[in-house]
Amino acid sequence: MNKPLVGAFLAALLLGAGAAPVVAAAPAQQAQEAASKAEPAAKAVTFAGTVALSNCSGSVVRTPDSALVLSNGHCLESGFPGPGEVVVDQLSSRTFTLLDASGDGVGTLKASRIAYGTMTDTDLSLYETTSTYQQIEDGYGIEALELETAHPTAGTAVTVASGYWKRTYSCDIDGFVHQLKEGRWTWKDSVRYTPECRTIGGTSGSPVIDDATGKVVAVNNTGNESGQECTDNNPCEADENGKVTVREGINYAQQTYSMVPCIGAGSRIDLDREGCALPKP
């Protein structure tokens with residue numbers, strides 16, 4: 001897993017800045033013609049709506065009716081849930097630092113309960129907060145991120161936005177993994193990134209955002225660090241026939257579209273709702 005961190009060590013070394021390349025200006029007429037033919041530009045992905053946890057990253061996400069803080073199951077304050085373990089409707093007083101577009105902390109959100117958490121089939125946690133969407137937007141001028149309701153597609157350009165490190169990673173969805181196995185846990189239909197997303201410890205729980213739509217399509221959770229097979233911090237891929245593949249240096253995320261049907265009124269998780277396929281306790 002992209003391990004939870006206790007402290008933000010080495011931040012200065014990891015937060016390097018790159019200079020923008022110099023581009024020659026086209027003649028005005030050429031530029032105007034090109035602009036008229038170009039597709040509308042996607043909004044740049046920012047940190048607005050992301051949060052920093054004590055040991056991980058996360059985001060404030062919304063469905064048409066609900067608001068929740070999204071992170072990983074292995075980021076829960078109670079520790080890693082065991083295989084088959086599902087946490088539902090558990091009191092919590094955890095706090096989250098809410099970030100603006102530039103990555104500056106603008107306020108503190110407080111959880112009222114863990115709405116859902118598991119590391120079975122997926123690696124997911126959802127927290128209810130004491131603030132509503134509207135209170136967050138009115139108080140901080142920050143809108144929650146929207147959850148995509150459809151399965152993502154390979155080749156989609158995405159950005160992993162880490163509130164913990166205040167750092168983004170850009171790459172494409174390379175494909176999907178039938179079963180991703182790491183230590184005692186198995187995750188299904190995981191997102192595999194192209195190599196450019198070199199996520200690190202502390203990026204766990206970061207939203208994976210579709211660059212074109214701005215919607216959350218997955219939650220970042222792990223990567224193979226040293227080429228080992230199916231061990232902690234070294235997940236392996238298993239296909240439908242059981243063939244195992246190890247991809248050293250490649251990182252992964254868990255899709256989020258399938259949890260949308262499970263979210264009911266008042267941000268409550270209802271595992272019996274039509275279309276909900278999240279594991280039950």
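**Exercise 1. Find where Cys171 and Cys197 sit, buried or exposed, and describe their link.**

Solution. Start with the surroundings: Cys171 and Cys197 are both buried, where buried means under 20% relative accessible area, exposed over 50% and partly exposed in between, with a 1.4 Å probe and protein chains only. Before going on, note that this is a predicted model, in which local features need pLDDT of at least 70, side-chain atom pairs count only at pLDDT 80 or more, and totals for chains, interfaces and linings use all residues. Residues are numbered from 1 along each chain as its sequence is written, and side-chain values use heavy atoms, with hydrogens and water left out.

Next, look at the sulfur atoms. Those of Cys171 and Cys197 are 2.1 Å apart and form a disulfide, a term for a pair of cysteine sulfur atoms within 2.5 Å. Then take the handedness: the angle about the S-S bond is -95°, and the link of Cys171 and Cys197 is left-handed. Last, place the two ends: Cys171 is in strand β10 (residues 167–182) and Cys197 is in the loop between β11 (185–193) and β12 (207–210), so the pair ties together parts that are 26 residues apart in sequence. Strands (E, at least two residues) and helices (H or I, at least four) are DSSP runs, numbered from the N terminus.

**Exercise 2. Describe the disulfide of Cys230 and Cys236, and the exposure of each end.**

Solution. First, the distance from S to S is 1.9 Å. Second, the link of Cys230 and Cys236 is right-handed, with 90° about the S-S bond. Third, compare the ends: Cys230 is partly exposed because its relative accessibility is 21%, whereas Cys236 is buried at 0%.

**Exercise 3. Do the same for Cys262 and Cys276.**

Solution. Begin with the bond: a disulfide joins Cys262 to Cys276, S to S 2.0 Å. Its handedness comes next, and with 100° about the S-S bond the link of Cys262 and Cys276 is right-handed. Both cysteines lie in the segment after β16 (251–255), so the pair ties together parts that are 14 residues apart in sequence. Finally, Cys262 counts as buried at 0% relative accessibility, and Cys276 counts as buried at 16%.

**Exercise 4. How many disulfides are there, and what is the pairing of the bonded cysteines?**

Solution. Counting gives 4 disulfides. Now number the bonded cysteines of the chain in sequence order, and the pairing reads 1-2, 3-4, 5-6, 7-8. For the setting of these links, the chain has 3 helices and 16 strands, and buried residues make up 47% of its 281 residues.
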